[in-house]
Amino acid sequence: MNIQTLQYNCLILVLASVLVSCSGNKLALRMVGDALSSTASGTALTGDDDPELVGDALPFALKLYEILIEKGSDNPGLFLAAGSGFIMYSNAYVQGPADMLPDREFEKKEQMTVRSKKLYLRGRDYVLQGLELKYPGFSASLDSGTLPDLLAAMKADDVPYLYWTGAGWMAAYAADPFDVAVGVGVRNAAAMMEAALRLDEAFGAGSIHEFFISYYGALPQSMGGSEEKARHHFKRAVELSKGLKASPYVSLASTVSVKNQNMKEFVELLNKALAVDVSEKTDTRLVNILAQRKARWLLDHRDDRILSDAPKGVKKK
Amino acid sequence: MNRLSMGIAALVCTALLTSPLHALTIKVGSIAPDGSPWDKALKKIAAEWKAISGGTIDMKIYPGGIVGNEPDMIRKMNIGQLHAAIFTGMGMSYISPEIFSLSLAFLVRDDRELAFIMGKMTPYYEKLTLKKGFVTVTWAKAGWVNFFSTKPVVYPRDLKPLKLSVAENDAEILQAWRSMGYNAIPLSTNDLMTALQNGMIEAYYAPPLVSASFQWFGIAKHMCGIRIAPLIGGLVVSKRSWDQIPAAMRPKLIASAKKVVDQLYIDTKALETSAIATMKQHGLVIHEVPADAAKLWEKEGYKGYDAYVGKTFSRDLLTKIQGYLKEYRNK
């Protein structure tokens, strides 16, 4: 099934290139757009155990999405697929590696972080365009104060749009918390995530709860951060994923445990992340492998985040 | 014999001055959020110090207050758990209270006055911190503090009826604002947004960049144009750690850190300009202050200084700073 899915995707990609370059056929465009935005095209990537291979393949797919969008697609699903693809790519292949660079590579780290922010915003804007196609006037509602009314009218099939818009927005903000133009929209992003949670708590086997672990765990208290809320969402994320996802453990360790300077909990959580089985080809395999890579790196660099005890022989004042 | 002793002593001193630095890890605490301009500047200093020292100085940075607030960081530096920290002027005043005199409301008017007064006073403050076991590697200017309020404020009389948030756990600051006649309420920064939302607070003071980043301006939509006080800070290393660095290397490290913080000030000013423009797009109204109002603010400000005299700094120190400012203004 998975090999078939991969073959299917390859075929779609090749056909899409030919169809889009050789004709302006709207029907062909719609067929390719529908195929690429359907859920059938997802597991070939997410079930892979070779993150580098997927990382090399993704830019081609992302550019293909953009070609289809530029040709005038009005398929919201295509905008969602493009946007979520950019956000995933930025997180896994730009920001993730940047975070793991040593401080001596400061300049490179900075360049990669700036790039990751641009990709997050590009992804967010594609998903927003998808929402605009579904709900004309959605973008305007972000500034007019009418967003709560629109969110109240949304349905479960809107959840992926809300999730990816919120995730892209918050990730861009986290990459550059002093970009005020991005920061002023953070409350909108949080409102979209809250709506998504209300509509489908189990989305992505607890992905929305995972988002809120980082959100409440990383934000300062003055901006709504809360350890209690972060722990609540952690509990639900683990329950909904049946403990099969590594990322909730990494999220709580890298936010709350670090904030509390709790080395014991930090190590325990990361070891739990590493214990998640990635031998089976599941749709969370790739993200688990990436999360475990982060967990290993965090464990190796635990002293960079949590201050060790005072050296022996120094008298405490 | 005496000559021999002197000779040996000189050799020992030379050896100490030129002795190679074995690997030195400097753990640096900072309350600046990860990814903020101040955090990036600190990382740049870390990279430069590593290069200058041929890879032997390794700075580990703990941003975002994860290793505690400023008094915590001083305590941790005292016990050797931390070796350095980036402090605000307030934090540095926990080491030597006299340093707070640079942050008095309505004392210093602009960047040029600040540069002049820092040139005169910082060598004295550095001696005070050194006596406490801390080396001030570099001072940093980080902008100015303004009033933000839910109603327009131009004159002191506009602010007096409003509930003004001031730093908590600091009796002198509270007393100073109250003795100026303001309705000052001590409040933790963590509670500011909620307090603004429920009306418990109607005004606060903060740098515009902070007001924008924490989005407090979304409720307190009026910014008074008068600069209340400069925001200063510094990179401080424990003397115990600093002494482990060869003396010949230290000036290079200091020069590198100064260069980075000078650029930081330029960068943060640009960032602040952009933040103000964005806040204006989202409804912030800036109220410029005419000359007569500026005079009134200064006059009011002086009333608060007595709250600190004899507790935070001496009358002589205040008179000295005011004397320097008078000298500068009469030029």
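1. B:Gly301 counts as buried, because its relative accessibility is 1%, and buried means under 20% relative accessible area. The structure is a predicted model, and every value in this note should be read in that light. The residue belongs to helix 12 of chain B, which covers residues 291-305.

2. The surroundings of B:Gly301 can be described further. Apart from neighbours within four places in sequence, B:Gly301 is in contact with B:Ala105, B:Phe106 and B:Met180. By contrast, B:Thr25 lies 44 Å from B:Gly301, C-alpha to C-alpha, with their positions 276 residues apart in sequence.

3. Helix 12 of chain B also carries B:Trp297, a partner in an aromatic pair. Over all chains, the whole structure holds 29 aromatic pairs. In the pair of B:Phe147 and B:Trp297, the ring centres are 5.2 Å apart and the planes meet at 35°, so the arrangement is tilted. Because B:Phe147 lies in strand 4 (residues 134-149) of chain B and B:Trp297 in helix 12 of chain B, the pair ties together parts 150 residues apart in sequence.

4. Are the two partners buried or exposed? B:Phe147 is buried, at a relative accessible area of 0%, and B:Trp297 is buried with a relative accessibility of 0%. A stacked aromatic pair is formed by B:Phe214 and B:Trp216, with 4.8 Å from centre to centre and 15° between the planes. B:Trp216 counts as buried at 3% relative accessibility.

5. B:Phe147 and B:Trp297 are also members of one aromatic cluster, together with B:Phe106, B:Trp177, B:Tyr182 and B:Tyr205. One of these members, B:Phe106, is in contact with B:Gly301.

6. The second largest pocket holds about 620 Å³ of space. Its lining comprises 22 residues, of which A:Leu142, A:Val184, A:Gly185, A:Asn188 and B:His282 are the closest to the centre. By class, the lining has 10 nonpolar, 8 polar and 4 charged residues. At least two lining residues come from each of helix 7 (138-144), helix 8 (147-152), helix 10 (180-183) and helix 11 (186-199) of chain A, and from helix 8 (192-197) of chain B.

7. Chain A as a whole has 17 helices and 0 strands. Of its 317 residues, 52% are buried. Among contacts in chain A with a separation of 6 or more, 67% are between residues 24 or more positions apart. The exposed area of chain A is about 15,000 Å², with 57% supplied by carbon and sulfur atoms.

Terms used. Residues are numbered from 1 along each chain as its sequence is written. Chains are lettered from A and ligands numbered from 1 in the order in which they are written. This is a predicted model: local features need pLDDT of at least 70, side-chain atom pairs count only at pLDDT 80 or more; totals for chains, interfaces and linings use all residues. Side-chain values use heavy atoms; hydrogens and water are left out. On a 1 Å grid over the protein atoms alone, a cavity is a set of points where a 1.4 Å probe fits but cannot get out, and a pocket is an open set with protein on both sides within 12 Å along at least five of seven lines; lining residues have an atom within 4 Å of a point. Grid points are joined across faces, edges and corners, and a volume is the space filled by probe spheres set on the points. Helices (H or I, at least four residues) and strands (E, at least two) are DSSP runs, numbered from the N terminus. Ala, Val, Leu, Ile, Met, Phe, Trp, Tyr, Cys and Pro count as nonpolar, Asp, Glu, Lys and Arg as charged, and the others, Gly among them, as polar. Buried means under 20% relative accessible area, exposed over 50%, partly exposed in between (1.4 Å probe, protein chains only). Contact means heavy atoms within 4.5 Å. Accessible areas come from the Shrake-Rupley method with a 1.4 Å probe; for residues, only the protein chains shown count as cover. Rings of Phe, Tyr and Trp (its six-membered ring) pair if their centres lie within 6.5 Å; planes under 30 degrees apart count as stacked, over 60 as edge-to-face and the rest as tilted.
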